[in-house]
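Open the model in your viewer and keep the selection tool at hand. We will go from the ligand outwards, one stop at a time.

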Amino acid sequence: MLDYQLIDSGEYERLERFGKFYVVRPEPNALWGRTNTNHVGWKSPDARFEKKWSFSQASLDDGFEISRGNHTFFLKPTSFRHLGIFPEQEPQWESISDFIKHASKPVKLLNLFAYTGVLSVLAAAEGADVTHVDASKSSVVWAAKNAQLNNITTVRWIIEDVRKFVEREVRRGSTYDVICLDPPVFGRGAKGEIWRLEEELSGLLSQLKKISHKETMVVANIYATATYPESFKRVMEEIFDAKGRVILTPTLLTESDGKSQLQTGYSLVIKN
Ligand SMILES: C[S@@+](CC[C@H](N)C(=O)[O-])C[C@H]1O[C@@H](n2cnc3c(N)ncnc32)[C@H](O)[C@@H]1O
């Protein structure tokens with residue numbers, strides 16, 4: 001498990017522990033009151049984002065490491081208020097690792113909008129043949145650093161617009177056993193191509209269908225969209241010919257009281 005805990009949330013903020021550091025960030029979904037108001041992390045966090053970051057010690061701005069079992073990842077506060085990891089994706093990391101572990105042949109995994117490469121590293125560590133695609137050079141450099149921290153040398157790094165890369169793979173006739181995508185609502189390709197989730201997702205899924213096979217596992221994460229989750233589920237069922245096989249699950253973080261949960265988005269999974 002990741003050395004991480006959502007401690008508490010409320011009043012439009014969340015308090016988290018990343019390794020030994022307490023971090024407070026805005027959380028528009030935390031409509032409720034806080035449970036643990038006296039927690040030291042609320043009073044004097046190591047890092048807090050309010051329009052911009054402030055730190056208890058300046059060195060935190062340069063980043064720090066966090067562990068997950070025998071793996072290590074580099075985190076760094078970014079201007080988007082992220083730290084380079086989405087801890088709510090833990091159940092997916094586990095189920096993808098399980099899929100790779102139990103597959104009867106080496107698994108080819110395509111990681112799209114792959115960001116800092118946590119999934120790429122974990123999948124490669126299980127022996128998957130990983131292709132990591134992201135349009136941002138700095139994200140790929142960060143992901144490569146995460147790979148290096150874990151002695152992973154096998155990942156194929158691609159800095160490109162996801163749509164362009166996938167089109168090329170369609171022309172080449174490539175297929176993948178696992179396809180993961182973590183698209184933002186709005187983004188840009190490597191040459192500034194505009195990505196808008198609601199307008200582009202079904203086109204991308206249609207191309208992905210062409211590089212999948214009957215047994216391909218597809219895992220999509222969706223955050224902060226105006227479109228209802230059931231709409232994405234339906235389009236995935238249609239495109240992948242997977243009626244009744246798309247599992248829609250909220251991505252949740254459980255707080256330190258062991259009960260309260262914060263939803264951060266949802267995932268859509270097709271698994272045979
Ligand atoms: C931060 S991650 C995951 C975001 C998460 N799902 C969310 O919405 O908060 C999104 C990644 O997609 C990449 N990205 C955005 N548009 C892209 C595109 N058209 N092609 C390739 N990568 C893109 C960004 O560089 C970033 O690393």
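Which atom of the ligand does a polar side-chain atom of aspartate 134 lie 2.6 Å from? Select aspartate 134 and the ligand together: the partner is an oxygen atom of the ligand. This is a polar contact, meaning a pair of N or O atoms within 3.5 Å; within protein, one must be able to donate a hydrogen and the other to accept it, and residues adjacent in sequence count only if both atoms are side-chain atoms.

Before moving on, a word on what you are looking at. This is a predicted model, in which local features need pLDDT of at least 70 and side-chain atom pairs count only at pLDDT 80 or more, while totals for chains, interfaces and linings use all residues. Residues are numbered from 1 along each chain as its sequence is written, and side-chain values use heavy atoms, with hydrogens and water left out.

**Around the ligand**

Now add valine 162, where a polar backbone atom is 3.0 Å from a nitrogen atom of the ligand. Add arginine 188 as well; one of its polar backbone atoms is 3.4 Å from a ligand nitrogen. The protein buries 89% of the 600 Å² that the ligand exposes when taken alone (accessible areas by the Shrake-Rupley method with a 1.4 Å probe; for residues, only the protein chains shown count as cover).

Next, select every residue with a heavy atom within 4 Å of the ligand. You should pick up 20 residues, the closest being Asp134, Ala135, Asp161, Val162 and Asp182. Colour the shell by type and you get 9 nonpolar, 5 polar and 6 charged residues (Ala, Val, Leu, Ile, Met, Phe, Trp, Tyr, Cys and Pro count as nonpolar, Asp, Glu, Lys and Arg as charged, and the others, Gly among them, as polar). Helix 5 (162-172) and strand 12 (186-188) each bring at least two residues to this shell; helices (H or I, at least four residues) and strands (E, at least two) are DSSP runs, numbered from the N terminus.

**The largest pocket**

The ligand takes up the space of the largest pocket, which holds about 1,400 Å³. Centre the view on Phe80, His82, Phe86, Pro184 and Val185, the closest to the pocket's centre of its 48 lining residues. Then show strand 16 (261-270), the source of the largest share of the lining, 4 residues. For these searches, on a 1 Å grid over the protein atoms alone, a cavity is a set of points where a 1.4 Å probe fits but cannot get out, and a pocket is an open set with protein on both sides within 12 Å along at least five of seven lines; lining residues have an atom within 4 Å of a point.

**An enclosed space**

The whole structure has 1 cavity of 30 Å³ or more, with a volume of about 190 Å³. Of its 20 lining residues, select Gln89, Trp93, Ala114, Leu119 and Asp182, which lie nearest the centre. Helix 2 (90-102) gives the most to this lining, with 3 residues.

**Two backbone stops**

Finish with tyrosine 12, in the loop between strand 1 (4-10) and strand 2 (13-18); its phi is positive, near 65°. Phenylalanine 113, in the loop between strand 8 (108-112) and helix 3 (118-125), also has a positive phi, about 55°.

Definitions and conventions:
Sits in = over half its atoms within 2 Å of the grid points. Points joined across faces, edges and corners; volume = space filled by probe spheres on them.
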